[in-house]
Amino acid sequence: GKVDFFIRVYGSSMYPKYNSGDIVACKRVESLSFVQWNKTYVLDTTQGALVKRLIKSSIEGNIVCRSENKAYTDFELNIDNDINAIALIVGVIRFE
């Protein structure tokens, strides 16, 4: 399928699904109405790029960002104020 860009994963928040140093292949999502809940995305946020599993929030206008690593707690971002762009992760390149 079509891939728009690649980005390297840093940190351990998405371990064991993604390791620090993995390169993920991403496809841009034009509208948050096309988000597939509980899938992993790269978010371009006001604080920088994040790799997180997205969960529907009970707060209108927010999304829940969840790490795979249970040592990290969930947090919420406001769609209009905190997120500049979003991309679905469609593949991974892992180095030994």
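**Close-up 1. Strand 4 and strand 5 form an antiparallel pair in this predicted model.** Strand 4 covers residues 48-56, and four bridges connect it to strand 5. If you follow the pairing, you will find K56 standing opposite I63 of strand 5. The two strands make a hairpin with five residues between them. Within this hairpin, look for G61, which takes a positive phi near 90 degrees.

**Close-up 2. Strand 5 also pairs with strand 6.** Here too the strands run antiparallel, joined by four bridges, with strand 6 made up of residues 75-78. I63 is a handy landmark: the residue opposite I63 in strand 6 is L77, while K56 faces I63 from strand 4. Strand 5 itself spans residues 62-66, and four of its five residues are buried, so the rest of the structure largely encloses this strand.

**Close-up 3. Eleven residues make up the largest nonpolar core.** Its members are V29, V35, Y41, L43, L54, I63, C65, L77, I83, I86 and L88. Both I63 and L77, the facing pair of the previous view, belong to this core. Strand 3 (40-45), strand 5 and strand 7 (83-93) are the elements that each give two or more residues to the core. Strand 7 supplies the largest share, with three residues. Apart from this core lies another one of nine residues, including V9, Y18, C26 and I89.

**Close-up 4. L54 and its surroundings are shown here.** Leaving aside residues up to four places away in sequence, L54 touches V35, W37, N38, K39, Y41, L43, I63, V64, C65 and I86. Several of these neighbours are worth picking out as fellow members of the largest nonpolar core, among them V35, Y41, I63 and I86.

**Close-up 5. R94 and D22 form a salt bridge.** The closest N and O atoms of this pair are 2.8 Å apart. R94 sits in the segment after strand 7, and D22 in the loop between strand 1 (5-8) and strand 2 (23-29), so the salt bridge ties together parts that are 72 residues apart in sequence. The surroundings of the partners are worth a look as well: D22 is buried, with a relative accessible area of 2%, whereas R94 is partly exposed at 38%. The model has a count of four salt bridges, and two others appear in the next view.

**Close-up 6. Two salt bridges involve R53 with E68 and R66 with D74.** The side chains of R53 and E68 meet with an N to O distance of 2.5 Å. This pair links distant parts of the chain, with R53 in strand 4 and E68 in the loop between strand 5 and strand 6, 15 residues apart. Both R53 and E68 are buried. For D74 and R66, the closest N and O atoms lie 2.7 Å apart. D74 is partly exposed at 38% relative accessibility, and R66 is partly exposed too, at 30%.

**Close-up 7. T73 is found in the loop between strand 5 and strand 6.** This residue is exposed, with a relative accessible area of 66%. To place T73 in the wider model, compare its position with that of G21: their C-alpha atoms are 22 Å apart in space, and the two residues are 52 residues apart in sequence.

Note on methods. Residues numbered from 1 in each chain as written. Predicted model: local features only at pLDDT ≥ 70, side-chain atom pairs only at ≥ 80, totals over all residues. Heavy atoms only, no water. Buried < 20%, exposed > 50% of the residue type's maximum accessible area, 1.4 Å probe, protein only. Pairing = 2+ DSSP bridges. Core = buried A, V, L, I, M, F, W, Y, C linked by side-chain atoms within 4.5 Å. Contact = heavy atoms within 4.5 Å.
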